[in-house]
Amino acid sequence: MSLLELDDVTMSFGGLTAVDGVSFVVNPGEVFALVGPNGAGKSTIFNLVSRYCTPSGGDIRFESKSILGCAPHDIPRLGIARTFQNIELFEHATVLQNLLIGRHTHRRSNAISEILHLPGVRAEERRHRLAAERVIDFLDLQPHRESLILGLPYGVRKVVELGRALAVEPKLLLLDEPASGLSAEETDDVAFWIEDIRKVMGITVLMVEHDMGLVNAVSDRVLALADGRALAIGTPQEIQTDPVVIEAYIGLGDDEAGE
Amino acid sequence: MRILFKTSYDADLGLFAHRYQAFWYFLLLAGAAGLPFVMNDFWIGEVALMLIWAIAGMGLMLLVGHSGQPSLGHAAFMAVGAYTNVILQASLGLPFVVSFPLAGCAAALAGALLALPTARLHGIYLAIATLAVSILAEDGIVMLAPWTGGVSGIFAPDIKILGVGFNRYVNAPGFYWLTLGVAVLVVLGYRNILRSPLGRSLVAVRDSEISAQAIGVNLARTKAISFALSCGITGLAGALMGHFAGVFNHETFTIFLSITLLMMIVIGGLGSIHGAFLGAIVITFLPLAISIVREFLNERFGTASVMPPGIETAAFGAILIAFILLEPMGIYGRWIKIRTYFELFPFCRRDMFRRQRAYLKTGRIR
Amino acid sequence: MATTIGTLAGAWLVANGGASDLESLQLLVSGLANGCVYGLIALGFVLIYKATEALNFAQGDMMMLGAFVTLGLTNDHYWALPFWASVPIALLLMGAFGYVLEITILRRMSGQSQIAVVVLTVALGFIIRFLAGAIWGHEPQSLESPIAGVNVRFAGLVLGLDEVAVILVTIVLTGLLYLGFARTRLGLAMQAASQNQLAAYYMGIPVKRVSALIWCLSGIVATAAGILLASKGSIDPNSGFLGIKAFAAAVIGGLGSLPGALLGGLVIGVIEPFAARHVAAGFSQVVPYAVLLLVLIIRPSGILSQVRDKKV
């Protein structure tokens, strides 16, 4: 059974068709990468899956159920968490608080019991804290636990955002350019983490990435996009030797694909 | 520098960061409770007023400081609280202990009702919408004259709990203790909100609506809840204000009250409970101080003829400007800086608190 | 501007449903004239908002101060300068006032929350109001201008010259500012500075000077509004509260849009007299704010604004 399924999805903004009849399936337990030049529609696909926009045609199914009837805030409840290309953290909160906010879908207490701070709330807080601490341990965020996001360097913020998505405990993790702006060493870390996220935590990963090195290292299958259309799908090696893909990249004067 | 040695998650879940802090707050509370024994009735009244301001300020702080939803209309919710409280007592004969929480609920309901249609508004547009609400409420009070007494106003009956009267003039300490009790309860509730998932979801909505949604926060619902809580607290303050004033009409709850509330929390320091109290101290005692200085000058130098009318407001304005220019983080922000300076003495660097320069970037196309 | 015409036509239709045509038309013209004053004050708001994203709650008070400065120069009771000499002096003085305000106070607020700026400008308003009251007194006064109290007849209508002047001046000023923003180097610099301050810095735009100039310009526009208001009716130190109405106007039109400010002003100006006539007394003065709320609920950023959704 497939986890996420895009069926002939089309998205147009005014006259521009950002995604044009794209279909693909993400299987449970795999790392699936979307690659393609800027403006190929990768981020739009992410925003469609997060329900920030509604496709003009086609259907998106998660665990065989269409998610087009869901509001954006229902998506994490289904088990889909995401990160953002340009980092969208809660800047005036600490790292720990950011991770705890990530636990929102696991909240069981209601507003009134929280205002009174009934014993149940405290027990639940301990559980949230334990989950957050597990993420902190996994991502080596201990030194930054109590720091405000505002004061953290870019690389750490990127990790915190990954942590926040993991705190949701999703089935599917959407990573929007997890390595953009990171140094070579930090990118290596990301590669190991993605590996662990899949193997140890059993979370399926769908990612958009420009760094072909990272894509090669971690992904099982790759979908190459250009101008909103799917060009080819296959293993990283297959994609990089695919003549259509090479054509699309070289046509843009970009030799990333030939690396 | 104090080193906190935390050995359980509960250490972070408590009301206080550490035992010394708890000690200081209990000392403060004891001092506050003992005030009526060292002050005369006039000053106790002023401190009670300060507490009422602080309660209203906490209501607004929850909305502006923690949920990031600016409101220039909180006078309207104070009015809802004040009128509901008095009308329930006068026409239904309910006792204060019943009408007071109901007044808070009524204000909360009004706030939630406002939040639903305005959920899509951001920042300054929301401020303007609430400003309009404040102006509409002022006229609404006049229009609903059969219930509200309109222009001629309405009398607040004396508070009686278990046969004890809490009239502000007859039993000033009693009224003060009552206000203090409410303030303490509100602070406790506020603290509980901040350390629970609800408080975190408010912060999430404040800092990034997009990623708040991405982790499952329902924006419209969270905004409605924050409006309800905020307006409810402010409504409680309004009810107390009604009893404090004794008689009030539409002019008690003008747009200026809304603006004053906002000024108060900005001066106090946005985003902290302390800020509401510090701001309330400034708002209550600054005009008092100005008039004392003025009287002193008049007596000493005979300047009564020279001082033009309205100079109090101007002085108030000038001091506010100075506050905002000199300490953008509010009084509480300054306090934190001072405390850190002494905690780290002599290792505090000047640029430790330098703000990161923020540059303007808008989503406007035209 | 098509929307403006539509709104006016709508108001006209409403008017025709009521009493005689001519009376309604006169109501419409006086409403338009009032609306133009609101629109002019709103224009000042929008200028500042456009360039610095700051909200100047003291704009109404700057209008009042500008009116008083002109009045102080012109009226026989004070300096008794000829009207046409005092107008440019007043405009200059108030322009300088705006400039100085920016470099001394507002500049230090860059990067701070909008709410703090709101509070600051409200406090500024307190001070301006006090100054005006202390210098010129608290009684309502009229500006002795050549356009006051003269009537012109036009197609059977009796119009005050003041009303005609208000409408003309507003149209000319809005047009000039609009063109200025779209065409001149300074205008483009202002646009750039408001959309992305840092990038504008890097491109060599003197961002600080640009925002000082904006405050200067907004002081001048406020003074123009004040002069027109003071010759149309009277002013006193509390006239600055008109600013709140103008504020509503700016938001209805969409903060950030100059034609929007004018449109919003006209909407409020026209609604008022008609509401006063057709709506029960007591409700009429709240109608503009009810309209404001309605507009915001339907179009969260005003009628003529263009706001891009945040991209992720």
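The turns below go through a sheet in chain A and a helix pair in chain B of a predicted model.

Trainee: How do you know that S3 and S9 of chain A pair?
Mentor: Pairing requires at least two bridges. Strand S3 (residues 31-35) and strand S9 (residues 221-226) of chain A have 4 bridges, in the parallel sense, so the requirement is met. In this pair, A:Phe32 stands opposite A:Arg221 of S9(A).

Trainee: In what order do the strands of the open sheet in chain A stand?
Mentor: The order of its 6 strands is S6-S7-S8-S3-S9-S10, with mixed pairing.

Trainee: What makes S6 and S10 of chain A edge strands?
Mentor: S6 (80-82) and S10 (229-234) each have a single partner strand, so one side of each lacks a neighbour in the sheet. From one strand to the next, the twist averages 20°.

Trainee: Which strands does helix H6 of chain A lie across?
Mentor: Helix H6 (residues 154-167) lies across S6 and S7 (172-176) of chain A, at about 160° to S7(A). Angles over 145 degrees count as roughly antiparallel, so H6(A) and S7(A) are roughly antiparallel.

Trainee: Why are H3 and H12 of chain B called roughly perpendicular?
Mentor: The axes of H3 (residues 41-66) and H12 (residues 255-268) of chain B cross at roughly 75° and come within 9 Å. The range for roughly perpendicular is 65 to 115 degrees, and the two helices are therefore given that name.

Trainee: What kinds of residues make the contact of H3(B) with H12(B)?
Mentor: They divide into 11 nonpolar, 2 polar and no charged. Among them are B:Trp53 and B:Gly57 of H3(B), and B:Thr260 and B:Ile265 of H12(B). Gly counts as polar, so B:Gly57 is a polar member of the contact.

Note on methods
Residues numbered from 1 in each chain as written. Chains lettered and ligands numbered in written order. Predicted model: local features only at pLDDT ≥ 70, side-chain atom pairs only at ≥ 80, totals over all residues. Heavy atoms only, no water. Axes fitted to C-alpha atoms, helices over the stretch in contact; angles between N-to-C directions. Contact = heavy atoms within 4.5 Å. Parallel < 35°, antiparallel > 145°, perpendicular 65-115°, else oblique.
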